[in-house]
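User: I am new to this structure and would like a close look at its aromatic rings. Please take me through how they pair and what surrounds them.

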Amino acid sequence: MTGDQPYQADADRLARARDLAQAAEAPAPGADGYGLNPSLVVEPVAWSGLPALLAGEENEPRPGEEPLLAAAWKTPAGGVELAELSQAELLALKVVAEEMDPAEAARQGGVLPGVVLDALDQAVERGLLLRPPSLLTRTAPQAGPHAPPEFLASDWFTLQWHITQSCDLSCRHCYDRSDRPPVSLEQGLEVIEQMAAFCGQRRVRGQISFTGGNPLLHPDFSALYQAAAQKGLAVALLANPCGRDQLEHILAMAQPTFFQVSLEGLEAHNDYIRGPGHYQRTMKFLDLLQELGVYSMVMLTLSRDNQDQVIPLARRLEGKVDQFNFNRLTLVGQGASLTMAGENSFRDFLQEYAAEAGRHPHMFLKDNLLNLLAHEQGGELFGGCTGYGCGAAFNFLAVLPEGEVHACRKFPSPLGNLFDTPLAELYDGESARRYRAGPAACGSCRLRAVCGGCLAVAHGAGLDVFAERDPFCWLEAPLA
């Protein structure tokens with residue numbers, strides 16, 4: 001780079017900004033709210049591509065089509081970043097610098113609050129902004145003695161909200177066909193208010209996963225879905241396939257984080273479990289989700305009868321779904337009439353699944369016991385079932401239509417009722433702490449923070465979920 005280039009003055013200013021950031025101390029978040037990174041230096045530039053040029057890349061800057069802002073800053077980890085700021089990053093900086101309420105900023109911009117909160121999150125991730133750490137953290141004995149730090153605090157909290165028991169299917173493994181009235185609109189709005197307040201208090205983002213039954217059958221589904229999005233909560237759907245018009249109506253209100261449907265194997269077995277024609281309807285619906293740009297997920301409930309169909313189904317779903325997962329069958333409700341996958345063959349199945357997932361990116365790792373394989377094979381640990389091992393009553397709770405709160409919906413794990421006791425009190429209560437701690441038999445295991453087995457499977461096998469570990473765990477003793 002010679003000194004007579006037309007972009008030289010801009011490049012020199014950015015280089016000085018980089019030097020200032022390099023000389024600054026690594027920033028640390030304050031105790032309250034979002035804050036600007038004190039090392040941040042922002043410069044207006046007329047040329048695009050200067051950060052890459054200063055990084056030594058072979059890059060020819062070009063005149064910007066509009067005024068640009070570039071910045072240099074030191075990250076909390078101690079590195080220095082130099083980049084042109086995106087519109088989302090500029091929005092985040094404006095909100096914090098002008099001390100704007102994110103909801104008000106969203107109203108002024110004609111967008112949902114989640115758009116502003118996403119911009120703030122991205123700016124924090126890059127180090128442009130600082131915020132206090134999450135208050136959802138695992139402590140001993142929940143964490144185990146050798147917990148990787150990245151699995152000890154969650155930045156998100158999910159409420160799996162069963163707003164109705166009404167369903168257009170009658171699946172043979174359904175874990176709850178009890179007769180419960182749907183949540184009323186008034187009570188539903190109260191749930192949303194409590195969820196938003198809880199997440200604000202705990203310094204986390206919140207997601208409501210609408211489910212049932214089939215949540216789309218609730219008479220006030222649209223009002224509840226829209227209210228959650230307007231509160232800045234991420235919204236997701238665990239539902240049955242619907243028509244184009246209904247899906248487009250949902251998208252007009254708010255883009256879901258994902259839309260999850262279920263398949264139980266290849267066509268004959270799936271339709272035996274979920275009803276005639278369900279397989280083909282779901283396959284067509286996955287095409288519709290892809291066409292409309294909705295992130296799609298397929299969940300399979302693993303039993304002895306479909307264990308050999310998991311990988312063939314996953315192969316058929318390649319290119320049709322963004323994410324494929326399985327959960328093990330729990331012997332609860334109608335599922336008690338079926339048979340769990342074989343314990344003796346389960347390790348081999350996991351090994352085959354993990355190998356196949358390495359070749360097919362849409363096959364995700366979810367079952368906590370996959371971390372046992374990773375440890376044995378010297379592989380990288382992953383977050384397990386909820387991103388933090390068993391997330392029951394940690395970064396996840398389930399709420400039933402009448403307000404009954406459970407640590408995990410796959411088995412009876414009641415904590416109280418949301419309409420009698422605030423969500424924060426239920427979360428901090430003794431029952432929730434016991435579920436968070438998980439089985440005592442796992443407490444000293446070095447994989448506890450990313451595993452803990454499956455409490456629901458242990459319950460279905462007649463075990464004490466607070467004492468005994470997942471019956472599928474093949475370890476002779478906890479990993480020291």
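Analyst: A good place to begin is a charged group and a ring: the charged end of Arg328 sits over the ring of Phe472, 4.9 Å from its centre. This is a predicted model, and what follows should be read with that in mind. Phe472 itself belongs to one aromatic cluster, which it forms together with Phe326, Phe346, Phe349 and Tyr353.

Two members of that cluster deserve a closer look, among the 17 aromatic pairs that the structure holds. The ring centres of Phe326 and Tyr353 lie 5.1 Å apart, and because their planes meet at 80°, where over 60 degrees is the cut-off, the pair counts as edge-to-face. Since Phe326 belongs to strand E11 (residues 323-328) and Tyr353 to helix H12 (residues 343-357), this pair ties together parts that are 27 residues apart in sequence. Both rings belong to residues with little accessible area: Phe326, at 2% relative accessibility, counts as buried, and Tyr353 is buried as well, with a relative accessible area of 0%.

A second pair can be described in the same terms. Phe411 and Tyr435 are also edge-to-face, with 6.1 Å from centre to centre and 70° between the planes. Here Phe411 lies in the loop between strand E13 (404-406) and strand E14 (414-417), whereas Tyr435 lies in helix H15 (residues 430-437), so that the pair ties together parts 24 residues apart in sequence. Phe411 counts as buried at 3% relative accessibility, and Tyr435 counts as buried at 10%.

Following Tyr435 into its helix, one finds that Ala432, Tyr435, Arg436 and Ala437 are buried in H15. An α-helix has 3.6 residues a turn, so residues three or four places apart point the same way. The cover over the buried residues of H15 includes E14, helix H14 (423-428) and helix H16 (455-460). Just after H15 comes Gly438, which takes a positive phi of about 75°.

There is, finally, another arginine placed over a ring: Arg138 lies over the face of Phe394, at 4.2 Å from the ring centre. Taken together, the view runs from the cluster that includes Phe326, Tyr353 and Phe472, through the pair of Phe411 and Tyr435, to this arrangement of Arg138 and Phe394.

Terms used
Residues numbered from 1 in each chain as written. Predicted model: local features only at pLDDT ≥ 70, side-chain atom pairs only at ≥ 80, totals over all residues. Heavy atoms only, no water. Phe/Tyr/Trp six-rings, centres within 6.5 Å; stacked < 30°, edge-to-face > 60°. Helix = DSSP H or I, 4+ residues; strand = E, 2+ residues; numbered from the N terminus. Buried < 20%, exposed > 50% of the residue type's maximum accessible area, 1.4 Å probe, protein only. Lys NZ or Arg CZ within 6 Å of the ring centre and 35° of its normal. Contact = heavy atoms within 4.5 Å.
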